[in-house]
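Thanks for letting me look at this one. Here are a few points I jotted down while going through it, mostly about charged pairs, with a helix at the end.

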Amino acid sequence: MIINIRKWPELIVSYSVMTFTVLVSIFPILWILLSSFKSNKEILNDPFSLPKKIDFQAYMDVFTQYNFLGYFMNSMFIAIASTLIALFIYTMAGYIFGKFNFRGKSFLFILCTITLLIPGYARAQPIFTIIMNLDLYDTKTALILVYASFGMALALFILRLSFIAIPKDLDESALIDGAGFWRIFWNVNMPLAKSGISTAGILMFLNNWNEYFYALILTTSEKNRTLPVALEFFNEAFSYNYTRMFAALMMVILPGIVIYVLVQEQVQQSVASSGVKG
Amino acid sequence: MKIKWLNVWIAAFLAPTVLVLALFYIVPIGTVLVTGFMEWDGLRAPEFNGLNNYIHLITYDNTFFIALRNILLWSLMAATLHVGFGTLVAFVLYKKHIGWRFVRGVFMVPMVISAAAWAIIYKLFFNDEIGILNHMIRSIGFSDFHVNWFFDSPASFFAITLTWLFYAVYVTLIVYNDLMAIPKEVHEAALLDGASEWGMIRHINLPLVKKAIGTGIILSVTARIAGFEEVALTSRGGPGNDTYNITLMLYDGIVNYNYGYANAAATIMILLGILVLLLINRVFKMNESTY
């Protein structure tokens, strides 16, 4: 391949930017990963060296001594439950917004999606009080409810568009075949809106899995603690055992990375098209 | 299907969403706006106290002005450097040099990690004893370099800035999406007219992705107004009140049962958000169509 000499400056700039981007994105994580296999002494004296051996002792310690599994299960349960509830109710609403007309439709839709522009934490105190009044303070149910509410604007945005894209002829022929409202929704439209539903689901799951602020103010006991909140307690508990600190960090961030790697294209596409941070 | 039944179905399908909208959005936002003018500790009934919360917020000490200054500076950096970097990466990826997919994939990773974990990663990264940053600086010749990044002034402000400054992948993705949407004919016509590479970027691509850049600015500035983890888990607003922000004021108000005060802070957050939206809409003419 002959490379035009005038292309050189552009190539140099491009690859510098690309290298820098990769470095700032994974260097900190790589450093955490390598350090999680080193001894305290190596971490303090020799931060650039590679670990002498790969052993998972620190990971085992975090897992067995600090109820990591408990927090992990809490996070998983809360994130999955809230995402499923959210998907179910917003899919129904998205279906109506996408396929039916009624008075006040566009007003309601705008009202639902404009909430995206209110900073999420600004509603913290009233939500705290509502959860108190429902007698749900320090329960998993509280977080499930609150997280399910977060995805509203984003999910409706994505889902309405997926239902609009499904031809109306399908509904009409199903209607002629004698299918009722629910069957047309569940058996005809839902399967065709699959990709929109999974996109919304993935984005909501990642948000719920990573949420910190509301988990911090709405729960207090260990049995309802999620991973992002537990991390701060790890930080204090391991303040002089760095190896474990690094191992715990890796264990907290790994599930998110794994999920992302599995559905990379979809996450990127949806962020791009919705213009909203995942 | 009879029309009457259809309306029942429509209402039933919308009901849960309307309930969520009312309970978690309309009621809370209304509460925030109203109780910002009230004395409320969560036990006794709220009582109107006029502008007292706002006056307290502003005059109690100079915390509010520090928070406002921080948010202003961070927002400016987000709108320029942060969005600028994200846009630059988008333009580079658009060239599709070998490895561009990998770069795009990796750039997303910090975004799928919880912000809490990312803040703690940076706290360790900048730690004077074990952090690799200071070790690197010491190893290239500044052997006496010791800065406690999150605990020294003014280092703390910049350390917090670095936790988000380069992580602009969502700007990159939105801008990239708009770049891909530019019709091929536009570029072909420009080439026929003898446009240079640089001229093409400046006079065609940049103006055509203007709205994406505007959206990126709105998103990133709103994120700075509502920033929490990167401060709460690193410097906790310190040293002194150096890195304080409005979300921390809000948080302090809630945990100290000073709800009126918390909601006055929340109202200011909402107003700042709307202000940014209107401003960017105007500057970037977001409502006009691109083509």
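1. Over all chains, 11 salt bridges turn up in this predicted model. Side chains of opposite charge can pair when their charged atoms come close. The points below go through some of these contacts.

2. In chain A, K53(A) and D55(A) join their side chains in a salt bridge, with 3.7 Å from N to O. K53(A) counts as exposed, since its relative accessibility is 56%, while D55(A), at 27%, is partly exposed.

3. Chain B offers a pair made of D41(B) and R44(B), whose salt bridge has an N to O distance of 2.7 Å. The acid, D41(B), is buried because its relative accessibility of 18% falls under the 20% cut-off. R44(B), by contrast, has 62% and counts as exposed.

4. Are the partners R224(B) and E230(B) buried or exposed? R224(B) has 9% relative accessibility and is therefore buried; E230(B), at 13%, is buried too. The closest N and O atoms of this salt bridge are 2.9 Å apart.

5. Please also look at the network of salt bridges that links E265(A) with R101(B) and R104(B). The network brings together residues of chains A and B.

6. Finally, helix α15 of chain B runs over residues 259–283. Its 25 residues should span 36 Å at 1.5 Å a residue, and the end C-alpha atoms are 36 Å apart, so the expected span and the model agree. After α15(B) comes K285(B), which has a positive phi, near 45 degrees.

Note on methods
Residues are numbered from 1 along each chain as its sequence is written. Chains are lettered from A and ligands numbered from 1 in the order in which they are written. This is a predicted model: local features need pLDDT of at least 70, side-chain atom pairs count only at pLDDT 80 or more; totals for chains, interfaces and linings use all residues. Side-chain values use heavy atoms; hydrogens and water are left out. Helices (H or I, at least four residues) and strands (E, at least two) are DSSP runs, numbered from the N terminus. The expected span of a helix is 1.5 Å times one less than its number of residues. A salt bridge is a side-chain nitrogen of Lys or Arg within 4 Å of a carboxyl oxygen of Asp or Glu. Buried means under 20% relative accessible area, exposed over 50%, partly exposed in between (1.4 Å probe, protein chains only).
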